[in-house]
Amino acid sequence: MDLDEKLVEKRLKKAIIFVVSIGVAILIAGIILVLFLTDAMDDATNSQMENEADEYKNRIYKQFDTDFQILNTLATYIGFSGTRNSPNFEQRLQAANMGNDFVSMVYFDIEGEGTIVTMNQEIQRNVRLDSVQEELKQTIEKAWAGESSVSRLFESDTVEDKVFVYAVPVYENGNIIGALAASDRIEIFADILDGNGVLGGNGYIHMVGSEGKFLIRSERTVVKEPMESIFDGPYLNDNTVDDVERAFANQECVFSSFQYEDKSYRFLLEPIGINGWYLFCVNTIQESSGYTYQIVKVVGITFSGFLIFLLFLLFYGYRTVQKHNRELIYFAYHDTITGAD
């Protein structure tokens, strides 16, 4: 009797090992499939964010190109017409500024004397370059050297707001005779970055400086708390701060993710290539890759449910077979008349 019972136990163990092996193999296959689909979802999200970031960068470049074209056209007119020597030059510069909606326009001759016209303010005449803010001075000096440039964002003493400055050289008979500049607010890019169609309607885009401070913060952001920098909010954790700081220092792009109000978000920091500015693109993973995310979710639930069901069947089958075999052994060797085994 003991030998038969041991044989049954041995066969049961073999069957259990076989079933468990199959279950483990299926579980490993499920994990691999879920990881593969998760990677595919991340790649699809990253690709979408990169493509849209490039599209929005191109729109920003077009805005810069348009403004530079306006300045270059006006600079060419000033150089060829000799209008800078006319008594009503300041009024013409003011009219040009109003017609193009710049915050202000500036002309400095090569001797360092200039005129500044600002929206809704008196014309400033005979301004010396040494008296203006350093950001404006640097762009004017670059224009005198033949370089068209854009200043970094700075607080303007004239309009008491943050502006940046474009500047282009003014030529006459092939020689640089001065520089023409215009200032504008960073908000001119707000309409470009905002809207319901950003990242398929599932994300939003901010503009930040190389220190992580917000230059433009989209109104559609899901993180509503007021903050000055991406380092202040839920976007970064201890594991990603170093990566982001390194990317800022090297003007590189960086992907990462974060959790906010029980949702997973993916973000991309993409350098614009001007003044250290970045596009900060945030996308909702579940909604942006909804179909793939649902597949991952279904596959994960299915394999988890299958594993639980398999373990239940294994436990139930083992107990049932063990009980059944003991009953058979009992009836086979038990004498019901004498009670002897």
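Rings of Phe, Tyr and Trp pair if their centres lie within 6.5 Å, with the six-membered ring used for Trp. The structure in these views is a predicted model.

**Figure 1. Ring pairs join seven named residues into a cluster: Phe64, Phe68, Phe102, Phe164, Tyr166, Phe189 and Trp277.** The model holds 17 aromatic pairs by this rule. Two pairs from the cluster are shown in the next two views.

**Figure 2. Phe68 meets Tyr166 edge-to-face.** The two ring centres are 5.3 Å apart. The planes stand at 80°, and planes over 60 degrees apart count as edge-to-face, so this pair earns the label. Phe68 sits in helix H1, while Tyr166 sits in strand E6 (residues 162-172). The pair links distant parts of the chain, 98 residues apart. Is Phe68 buried or exposed? Phe68 is buried, and Tyr166 is buried too.

**Figure 3. Phe164 and Trp277 form an edge-to-face pair.** Here the ring centres lie 5.6 Å apart and the planes are at 75°. Phe164 belongs to strand E6. Trp277 lies in the loop between strand E11 (263-271) and strand E12 (278-284). This pair also links distant parts of the chain, with the two positions 113 residues apart. Phe164 has 0% relative accessibility, so it counts as buried. Trp277 has 2%, so it counts as buried as well.

**Figure 4. The largest nonpolar core has 40 residues.** Which residues touch the most other members? They are Leu180, Phe189, Met207 and Trp277. Helix H1 (residues 2-81) supplies the largest share of this core, nine residues. A second, separate core has 20 residues, including Phe214, Ile230, Val254 and Phe280.

**Figure 5. Phe189 and its contacts from elsewhere in the chain.** Neighbours within four places in sequence are left aside. Phe189 is then in contact with Ile60, Gln63, Phe64, Phe164, Met207, Ile216 and Trp277. Phe64, Phe164 and Trp277 also appear with Phe189 in the ring cluster.

**Figure 6. Two arginines lie over ring faces.** Arg59 lies over the face of Tyr56, at 4.6 Å from the ring centre. Arg217 lies over the face of Phe214, at 5.3 Å from the ring centre. Phe214 is also one of the residues of the second core.

**Figure 7. Ser229 makes polar contacts with the backbone of Gly212 and Phe231.** Ser229 is found in the loop between strand E9 (214-216) and helix H5 (241-250). Its relative accessible area is 8%; buried means under 20%, so Ser229 is buried. What does the side chain of Ser229 reach at 3.2 Å? That partner is the backbone oxygen of Gly212. The side chain of Ser229 also reaches the backbone nitrogen of Phe231, at 3.1 Å. Not counting residues up to four places away in sequence, Ser229 touches Glu211, Gly212, Lys213 and Phe214.

**Figure 8. Asp101 and Glu261 have positive phi values.** Most residues other than glycine have a negative phi. Phi of Asp101 is near 60°. Asp101 has its place in the loop between helix H2 (89-100) and strand E1 (104-109). Glu261 has a phi of about 50°. Glu261 lies in the loop between strand E10 (254-260) and E11. Are these two residues buried or exposed? Asp101 is exposed, with a relative accessible area of 57%. Glu261 is exposed too, at 63% relative accessibility.

**Figure 9. Thr45 and Asn283 are far apart in sequence: 238 residues.** In space, the two residues are 7.8 Å apart, C-alpha to C-alpha. Thr45 is found in helix H1. With a relative accessible area of 1%, Thr45 is buried.

**Figure 10. Two cysteines, Cys253 and Cys281, in a model with zero disulfides.** A disulfide is a covalent bond between the sulfur atoms of two cysteines. How many disulfides does the model have? The count comes to zero. Cys253 has 39% relative accessibility, so it counts as partly exposed. Cys281 has a relative accessible area of 0% and is buried.

Technical notes
Residues are numbered from 1 along each chain as its sequence is written. This is a predicted model: local features need pLDDT of at least 70, side-chain atom pairs count only at pLDDT 80 or more; totals for chains, interfaces and linings use all residues. Side-chain values use heavy atoms; hydrogens and water are left out. A disulfide is a pair of cysteine sulfur atoms within 2.5 Å. Buried means under 20% relative accessible area, exposed over 50%, partly exposed in between (1.4 Å probe, protein chains only). A nonpolar core is a set of buried Ala, Val, Leu, Ile, Met, Phe, Trp, Tyr and Cys residues joined through side-chain atoms within 4.5 Å. Helices (H or I, at least four residues) and strands (E, at least two) are DSSP runs, numbered from the N terminus. Contact means heavy atoms within 4.5 Å. Rings of Phe, Tyr and Trp (its six-membered ring) pair if their centres lie within 6.5 Å; planes under 30 degrees apart count as stacked, over 60 as edge-to-face and the rest as tilted. A charge sits over a ring if NZ of Lys or CZ of Arg is within 6 Å of the ring centre and within 35 degrees of the ring normal. A polar contact is a pair of N or O atoms within 3.5 Å; within protein, one must be able to donate a hydrogen and the other to accept it, and residues adjacent in sequence count only if both atoms are side-chain atoms.
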